[in-house]
Amino acid sequence: MTITRPLAAALLGIAALLCAAPGARAADYPKGPIRVIVPTPPGGGADTFARLTAQAVEPILHTSVIVENRPGAGGTIGTGYVARANPDGYTLGFLWNGPLTTTPNTMKVSYTRDSYTPIIEIGYASYVMCVAPDFPASNAKEFIEQLRRNPGKYTYGTDGAGGTMQLAAERIFAHFGIKQIAVPFKGSGETLQAFLGHQVDIFGGSLQPILPYMKNATAKCLLLTSGADNAQAPQASGLDAVGAKGLDVGLWYALIGPKGLPSDIVDILYRAYREAAQAPAVLAAMARNGTTPGTHDPKETKEMIAREYEALREVAERLGLATH
């Protein structure tokens, strides 16, 4: 086929339009309201931060941001809804790591790691392990040694069978040769009540609900599942301090979009939400909940998800909880 000058000019014109398309999308975005799906009922940590960041990001993006709750099946219903949405930037998801790195390893879900586009990590909070005031340990190293020397003696409450807390704890326990008994509950609230009622020996869960009991000496919190220490739990040590560097798995929040979300729109959302996460109301809420602001960009967030997914997959397989 001979390409004439008029045909060549036409082809160059089409190529120019195609190359310009992403910029045009970015220039026009957003043109209307954005929906942010939260796969939990109202009132939880993900819902709270989704609403606070939505309020903070509206004046940045110059549009309304509507938070919509779609709970069920450990967050996988809402996450799947986002994954199937049109990748135009008007349906996003605000969720915690459970539906992204834990649940896909322990039950069948309608999406994979390639079904969505990570945009930004909003914040990170450590899980914590706490005991009663009379437990025979006063620091993290003594706590680990007590558990290691007494296999099967203690029970620890978690946020559900195969939940993030259990897999995080078992990953740490395997490193130290610890074998104790997991008792699953439906979230940190139930775990806390069981701990306060002396139904389990160890509380394992989010830092926020245990803080009041730690402050009034009803609970003694000794070990964090994060690498670093946390000023809100001064008696507890992070994993780096006890020789378990690189094993941290905590509770983090992230914004995602559907697969195929254009990179220019991803960049707009990342920059807007990074700024919104620094709003005073958001930072104050994070401080109250023991959460550290996150600044992972899309590439870093994707890599973080992949690392944690593979790490928890290994634990789930070892415990016989993995899907096949």
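**Exercise 1. Which order do the strands of the open sheet of five strands have, and which pairing?**

Solution. The model is predicted, and the steps below read its strands one after another. The five strands of this open sheet follow the order E7-E6-E8-E5-E9, and their pairing is mixed. At the edges stand strand E7 (181–184) and E9, each of which pairs on one side only. On average, neighbouring strands here are turned by 30 degrees against each other, direction ignored.

The individual pairs can then be followed. Strand E6 (residues 155–158) and E8 pair in the parallel sense over two bridges, with Gly157 standing opposite Phe203 in E8. E5, by contrast, pairs with strand E8 (residues 202–206) in the antiparallel sense, over four bridges, and in this pair Met129 faces Gly204. Towards strand E9 (residues 220–224), E5 again runs antiparallel and is joined by four bridges; there the bridge partner of Met129 is Leu223.

**Exercise 2. Determine whether strand E5 (residues 127–131) is buried, and on which of its faces.**

Solution. Begin with the count, taking buried to mean under 20% relative accessible area. Five of the five residues of E5 are buried, so the strand is largely enclosed by the rest of the structure. Next, divide the residues by face: Tyr127, Met129 and Val131 lie on one side, Val128 and Cys130 lie on the other, and all are buried, so that both faces of E5 are covered.

Then look for helices that lie on this sheet. Helix H5 (residues 140–149) packs on the sheet and touches E5, E8 and E9, its direction making about 85 degrees with that of E9. H6 lies across E5, E6, E7, E8 and E9, and runs at about 75 degrees to E5.

**Exercise 3. Test whether the span of helix H6 (residues 164–176) agrees with its number of residues, and describe its surroundings.**

Solution. At 1.5 Å a residue, the 13 residues of H6 should span 18 Å, and since its end C-alpha atoms are 19 Å apart, the two values agree. Of these 13 residues, 11 are buried, and H6 is therefore largely enclosed by the rest of the structure; among the buried ones are Leu167, Ala168, Ile172, Phe173 and Phe176. After the helix comes Gly177, which has a positive phi, near 70 degrees.

The partner helix is considered next. H6 packs with helix H11 (residues 298–318) at an angle of about 80 degrees, the axes being 9 Å apart. That angle makes H6 roughly perpendicular to H11. In this contact, Leu167, Glu170, Arg171 and Ala174 of H6 meet Ala311, Leu312, Val315, Ala316 and Arg318 of H11.

**Exercise 4. Work out the order of the open sheet of six strands and name its edges.**

Solution. The order is E2-E1-E3-E10-E4-E11, with mixed pairing. Strand E2 (65–69) and strand E11 (291–293) stand at the edges with a single partner strand each, so one side of each is left without a neighbour in the sheet. Neighbouring strands of this sheet are turned against each other by 30 degrees on average, direction ignored. For the pair at one edge, strand E4 (residues 116–125) and E11 are antiparallel over three bridges, and Ala125 stands opposite Thr291 in E11.

The helices on this sheet come next. H2 packs on the sheet and touches E1, E2, E3, E4, E10 and E11, its direction making about 165 degrees with that of E2. H11 lies across E4 and E10, running at about 80 degrees to E4. In helix H3 (residues 76–83), six of the eight residues are buried, so this helix is largely enclosed by the rest of the structure. The buried residues of H3 pack against strand E1 (34–38), strand E3 (91–96), helix H4 (98–106) and strand E10 (251–258).

**Exercise 5. Identify the residues that touch the most other members of the largest nonpolar core.**

Solution. This core has 73 residues, and those touching the most other members are Ile34, Phe94, Met129, Phe143, Leu223 and Leu269. Helix H2 (residues 45–61) gives the most to the core, with eight residues. A second, separate core of 17 residues includes Val128, Phe203, Leu207 and Leu224.

Finally, take Leu223 as a worked case: leaving aside residues up to four places away in sequence, its contacts include Tyr127, Val128, Met129, Phe143 and Ile172.

Conventions: Residues numbered from 1 in each chain as written. Predicted model: local features only at pLDDT ≥ 70, side-chain atom pairs only at ≥ 80, totals over all residues. Heavy atoms only, no water. Buried < 20%, exposed > 50% of the residue type's maximum accessible area, 1.4 Å probe, protein only. Pairing = 2+ DSSP bridges. Expected span 1.5 Å × (residues − 1). Contact = heavy atoms within 4.5 Å. Core = buried A, V, L, I, M, F, W, Y, C linked by side-chain atoms within 4.5 Å. Axes fitted to C-alpha atoms, helices over the stretch in contact; angles between N-to-C directions. Parallel < 35°, antiparallel > 145°, perpendicular 65-115°, else oblique.
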